[in-house]
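Subject: Structure handover and what was found in it

Dear colleague,

I am passing on the structure we spoke about, and I would be glad if you kept it open while you read the notes that follow it.

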Amino acid sequence: MNERARRGPRRGEFDVIVVGAGAAGGALTLALARDGFKVALVEVREPTAWRSEDEVDLRVVALAPDARALLDDLGAWPAITQARVSPFQRMCVWDAQAPGELRFDATERGEAALGWIIENKLIQHALWTALVTPSAAGTAPVLHCPAEISALEEDADGISVVLGDGTRLRARVLVSAEGGESSLRQRLGITFDGRDYGARAVVAHVRSECAHEGTAWQRFLPTGPLAFLPLVDGRCSIVWSLPEAEAARVLALDDDAVFCAELGAAFDFRLGPITSVSRRAAFPLRLRLAEQFVRGRCVLVGDAAHLVHPLAGQGMNLGLRDVSCLRRVLGDARDRGSDLGAWHVLRHFERERRSQTTLAARGFDAIERVFGSSSPPLVALRGLALTSAGHLSPLRSLLADVAAGRL
Ligand SMILES: Cc1cc2nc3c(=O)[nH]c(=O)nc-3n(C[C@H](O)[C@H](O)[C@H](O)COP(=O)(O)OP(=O)(O)OC[C@H]3O[C@@H](n4cnc5c(N)ncnc54)[C@H](O)[C@@H]3O)c2cc1C
């Protein structure tokens, strides 16, 4: 450790620069600042992009208990609950081609909820509000927004970046939390492994004749999974995975009544007929795992490091686990007096998160392959997994782990 590392950063220098104020970047900046690190955050969009009072965000996530606990710890949870949050107590999974169904109930686990359905932008807004609100704890982060990195250079002691307006920043560690199209990942030449599902997730908010019963529903169809996630206003947020051409067709349906009828049939009218639908949107479905989560003093977190199929509703949960892990690794390094950006420090993050994320992403991919197949042995295996109540078959146990956010 050199003398500068021992004394901490000089004025104008940072311990960590975070790029991207999505859930992963916002939470990481807040966590590190609360822990007393000197942090700068660079976000390309105007903060008004995620104002919560605007139209409801069609992109929602199911947050797992550990992710909620992190947001609570960071002081962002009360703002989310004051806006719109829908706890769900039950989950029901079934297959269009095989018998049986799988049910999970929070009470079996002695918990009040299995998870919480929240609009993406509410999470981003709550984190941003906490970032700009003075706090007695830790240090205040320096926010550059809207701003973008135009150049970067790494040397033995740290990493220097130049923003579009000429501002120069320097830090021990640079974190990309820029989402799936991370420009830093591309600039660093980090490739990724994975596949394109050739499908899109069609999302909308719908009202059904029957109540959603605080249950997250998922039906596996040969075309892909269809989820109905309960919203606090009684509607459901749907995530309907469809092959490209089918997704384009249902998105373009002029007549809402036709869309509702097709959706109801795809959902086996489990909640009765669909009576209304909001505007619709769609997201491409891809599996991507960065070959490295750390290169030099640069770290990838959240979707910048991994994109997973939304069938398990775990993308953001994985990103928030990256945040908790990096927070712990950097905190330990500071306690030991180590250089925060040294490889022997960051490799702990790389090892832990890359192996856990790979396991989760491959597990979700296996579920997608097994449930997307019409091959008779796999249909029989699914029937067995969904009907075996006593012994947990490997598939059932995998689904149970996914439902509990343990993967
Ligand atoms: C249909 C669908 C359903 C999903 N359901 C769930 C679910 O139920 N549960 C779950 O956990 N996850 C779910 N996910 C995944 C989840 O939405 C993502 O994993 C999560 O939002 C990613 O957060 P992030 O902060 O990593 O990235 P993002 O949300 O993409 O944020 C990236 C931020 O970086 C900024 N940025 C980008 N480039 C730059 C740059 N060059 N410079 C500065 N700033 C930049 C962006 O403006 C943005 O603010 C779902 C995803 C989809 C598509």
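In which sense do strand 12 and strand 17 pair, and over how many bridges? Strand 12, which covers residues 192–208, runs antiparallel to strand 17, residues 281–290, and the pairing extends over nine bridges. Please keep in mind, here and below, that this is a predicted model. Within that pairing, Arg195 has Leu287 of strand 17 opposite to it. Strand 17 also pairs with strand 20, again in the antiparallel sense, over two bridges, and there Arg288 has Leu307 in strand 20 as its bridge partner.

Just beyond strand 20 you come to His309, which sits in the loop between that strand (306–307) and helix 9 (315–336). Is His309 buried or exposed? Its relative accessible area is 3%, so His309 counts as buried, and its side chain reaches the backbone nitrogen of Leu311 at a distance of 3.0 Å.

Strand 1 is a good place to look next. Strand 1 spans residues 13–19, and because seven of its seven residues are buried, the strand is largely enclosed by the rest of the structure. Strand 1 has a parallel pairing with strand 11 (residues 168–176) over six bridges, and another parallel pairing with strand 2 (residues 39–42) over four bridges. Val18 appears in both pairings, since it stands opposite Val175 in strand 11 and opposite Leu41 in strand 2. Between strand 1 and strand 2 the chain passes through helix 2 (residues 23–34), and the β-α-β crossover made in this way is right-handed. As you follow these strands by eye, it may help to remember that in a regular strand the side chains alternate between the two faces of the sheet.

The model also holds a ligand with 33 residues around it, of which Glu43, Ala62, Asp303, Gly313 and Met316 come nearest. Which ligand atom lies 3.0 Å from a backbone N or O atom of Ala24? The partner of Ala24 in that contact is an oxygen atom of the ligand. For Gly313, a polar backbone atom is found 2.8 Å from a nitrogen atom of the ligand, and for Gly315, a polar backbone atom is found 3.2 Å from a nitrogen atom of the ligand.

Helix 7, residues 244–252, contains Ala247, which counts as buried because its relative accessibility is 0%. Although Ala247 and Arg200 are 47 residues apart along the chain, their C-alpha atoms are separated by 6.2 Å.

Finally, please look at helix 11, which takes in residues 376–387, has 12 residues, and reaches 16 Å from its first C-alpha to its last, close to the 16 Å expected at 1.5 Å a residue. Which residues of helix 11 are buried? They are Val379, Arg382, Gly383, Ala385 and Leu386. When you look down the axis of helix 11, these buried residues fall within an arc of 165 degrees, and therefore they line one face of the helix. On the other side of helix 11, the exposed residues are Pro376, Pro377, Ala380 and Leu384.

With best wishes

How values were computed: Residues numbered from 1 in each chain as written. Predicted model: local features only at pLDDT ≥ 70, side-chain atom pairs only at ≥ 80, totals over all residues. Heavy atoms only, no water. Expected span 1.5 Å × (residues − 1). Buried < 20%, exposed > 50% of the residue type's maximum accessible area, 1.4 Å probe, protein only. Arc of directions from axis to C-beta. Pairing = 2+ DSSP bridges. Right-handed = clockwise from strand over helix to strand, strands pointing away. Near = heavy atom within 4 Å. Polar contact = N/O pair within 3.5 Å; in protein donor to acceptor, adjacent residues only side chain to side chain.
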